[in-house]
Amino acid sequence: MSKTLRMAAAILFFYAAMALSGAAATKAAVVEHTFVVRQVNMRHLCNDTLVTLVNGQFPGPAVEATEGDTVIVHLINESPYGITIHWHGVKQRLSCWDDGAGMITQCPIQPNTTFTYRFNVTGQEGTLWWHAHVSILRATLHGIIIIRPKSGSYPFEKPHMDVPVIIGEWWQRDLMKVDKNFSNGGHFSDNPAGATINGKLGDLYNCSGFVEDNFVLNVEQGKTYMLRLVNAVLFSEYYFKVAGHKFTVVGADANYVKPYTTDVIAVAPGETIDVLMVADAPPCRYYMVALANQPPAPDPQIPVFMSRGVVQYKNAPIDVGNNCTKEALMPEMPNQHDTMVSFYFHGNLSGMAGHPLLAQIKGHIDEHLFIALGKGSICKGNKPSCKRGGSGEAIEVAYMNNVSFHLPEKMSILEARQYAKTNGAFMGVQDLPSRPPRSFNFTDPALIPVVPGGKLEELEATRKATTMRRFAHNAVVEVVFQSTATMQSDSNPMHLHGHDFFVLAQGHGNYNPARDVSGYNLVDPALKNTVQVPRLGWAAIRFVADNPGAWFMHCHFEFHIAMGMATVFEVANGPTVDETLPPPPSDLPKCTNVKE
């Protein structure tokens, strides 16, 4: 039996063992942290920048737990901004109040106040992450979550060491102004100063001869390292390579996948990818490189962002010889405009056959949604009509099915849901349409340019609303996301709070159910919380709505969420107490005017 087949068999056995983990002898623990949020001056690229950090760290502190543990985080807000922290990918079973989605599940934690998050990580293993979910502050307020198996063993050879690899960005702009710019129509000159790996810009960046530090990973010949990749950036999907090495992909979004070997990883904003890397190259120095991709022109172009760290072997020779050079070896990176690398990488992800929810998603589908993801415009000043096509009379927005999401301002949606039980009120929330208002060739490149009289102009009209779809408890939901070419042809990393979903298929062009449903993978689809909807393509997912609450669904490109590519999925309570969301905690923050 090949090594890959042995690993796949081990995963199947491991999943069965997880079902019995509640009977394990190891007792669940309480993991407790205190997060102090304050502003700190940091110096990079010859500039001092005032940034908002947790405990003065960039990236922020790691939260490490064992499956089944309870996590308690006391947040002390000493910054001038309202803050929430989202525990990205944590399912929050019956703890929707602690999901940390600003104005969806809670009001922001006001300056000079505190709030304590409490949740457990039962039934989850792998890599997740946490980040701010108010405004654009997640650029600097983020960190990794590592959930290890209760048994101490993995469905593959236990690695010698865990290595968090957080791909981020270094910003030298006022993030509040950047967020405001995007909320008012976008501004593609608002870009970071550079890319980072674990907070290090790397030696591609220098100022007046001062070269920025690299992240350095010291390895020993023959040992195996688990790289836990997190894409924490605001704007871009990244390609990741290490010169002279290959990876075995073993996990994604804290779910095990069938292992496969590759030399390049594609990780979209919001995604986590776990890979094994064996230190089996000659003992030299090798660059690890993270390169942002982007669609080609005529899409608006941003600068090339790339960072590199160093994999350094113990006792590696410094001088030339033994095929080593003083300079670290550089991998050959994909072209930044080659988005097919991402398409094939994500298409190779498959999960474990025999998942207990697979039988349910193969049966009757209770809800079907076809969601077109794109950009349009609304008239300035709430005028009923205006000139479009880049005239200046309209503001660009992002949408789902031609509705651009408007965040509530006075009460969170989850509080309104709870309040509605007593008086029947529900703050003007509208249903997200099941389909776009009109059908067109969604992936026509002629829709990209924003020009007077262009093909796009007649499709631009969009409206703003606070939207939601309500699902009965335990409903089976299918969502097909269709990326469009309206104003841009980018991919869309779509993230659902509170649930994992099965990724059944992806494709290029316009989704056609008569052709594409037959290609759904209903045997071993990957289980994710973030799906990378391909550029000028589509992706189909299914999930079981079994976690009561109000769950944000949105694109993880910051400019898209700021411009309105979002909605809320409300899941009803079940028939028993164990399937009913408890009342809110007594210290849940209240909404007041804060500096934003």
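**Close-up 1. The surroundings of L217 in this predicted model.** Leaving aside residues up to four places away in sequence, L217 touches M161, V163, L227, M277, M288, V310, V311 and Q312. One of these contacts, M288, lies 71 residues away from L217 along the chain, yet the C-alpha atoms of the two are separated by 9.3 Å. L217 itself belongs to strand β13, which covers residues 216-219. Is L217 buried or exposed? With a relative accessible area of 4%, L217 is buried, because the cut-off for that class is under 20%.

**Close-up 2. An open sheet that includes β13.** Here you can follow 5 strands in the order β13-β21-β20-β15-β18, with mixed pairing. Which strands stand at the edges? They are β13 and β18 (265-267); each has a single partner strand, so one side of each is left without a neighbour in the sheet. From one strand to the next, the twist averages 20 degrees. Within the sheet, strands β20 (residues 285-292) and β21 (residues 306-313) run antiparallel and are joined by 7 bridges. To find your place in this pair, look for R285, which stands opposite Q312 in β21. Helix α3 (residues 340-347) lies across β15 (238-242) and β18, and runs at about 95 degrees to β18.

**Close-up 3. W87 and the largest nonpolar core.** This core has 83 residues, and those touching the most other members are W87, V479, F481, M494, V531 and F543. Strand β34 (residues 549-555) supplies the largest share of the core, 5 residues. Zooming in on W87, and not counting residues up to four places away in sequence, you will find contacts with F35, V73, Q92, D98, D99, Y117, F119, W129, W130 and I145. Another core, of 60 residues, lies apart from the one around W87; L227, F240, A252 and Y260 are among its members. As background, nonpolar side chains in soluble globular proteins tend to be buried together.

**Close-up 4. The salt bridge between K150 and E67.** The two side chains meet at 4.0 Å, N to O. This pair links distant parts of the chain, 83 residues apart: K150 sits in the loop between β8 (142-148) and β9 (161-170), and E67 in the loop between β3 (63-66) and β4 (70-77). K150 counts as buried at 16% relative accessibility, and E67 is buried too, with a relative accessible area of 3%.

**Close-up 5. The salt bridge between D524 and K258.** The side chains of D524 and K258 meet at 2.7 Å, N to O. Because D524 lies in the loop between α6 (513-516) and β31 (526-528) while K258 lies in strand β17 (residues 255-262), the pair ties together parts that are 266 residues apart in sequence. D524 is buried, with a relative accessible area of 13%, whereas K258 counts as partly exposed at 29% relative accessibility.

**Close-up 6. The salt bridge between R417 and E570, with a charged network for company.** R417 and E570 meet through their side chains at 2.8 Å, N to O. R417 belongs to helix α5 (residues 413-423) and E570 to strand β35 (residues 566-571), so this pair ties together parts that are 153 residues apart in sequence. Both R417 and E570 are buried. The structure holds 27 salt bridges, and a network of them links E64, R148, D162, R228 and D274.

Definitions and conventions:
Residues are numbered from 1 along each chain as its sequence is written. This is a predicted model: local features need pLDDT of at least 70, side-chain atom pairs count only at pLDDT 80 or more; totals for chains, interfaces and linings use all residues. Side-chain values use heavy atoms; hydrogens and water are left out. A nonpolar core is a set of buried Ala, Val, Leu, Ile, Met, Phe, Trp, Tyr and Cys residues joined through side-chain atoms within 4.5 Å. Buried means under 20% relative accessible area, exposed over 50%, partly exposed in between (1.4 Å probe, protein chains only). Helices (H or I, at least four residues) and strands (E, at least two) are DSSP runs, numbered from the N terminus. Contact means heavy atoms within 4.5 Å. Two strands pair if DSSP finds at least two bridges between them. Axes are lines fitted to C-alpha atoms, for helices over the stretch in contact, and angles run from 0 to 180 degrees between N-to-C directions.
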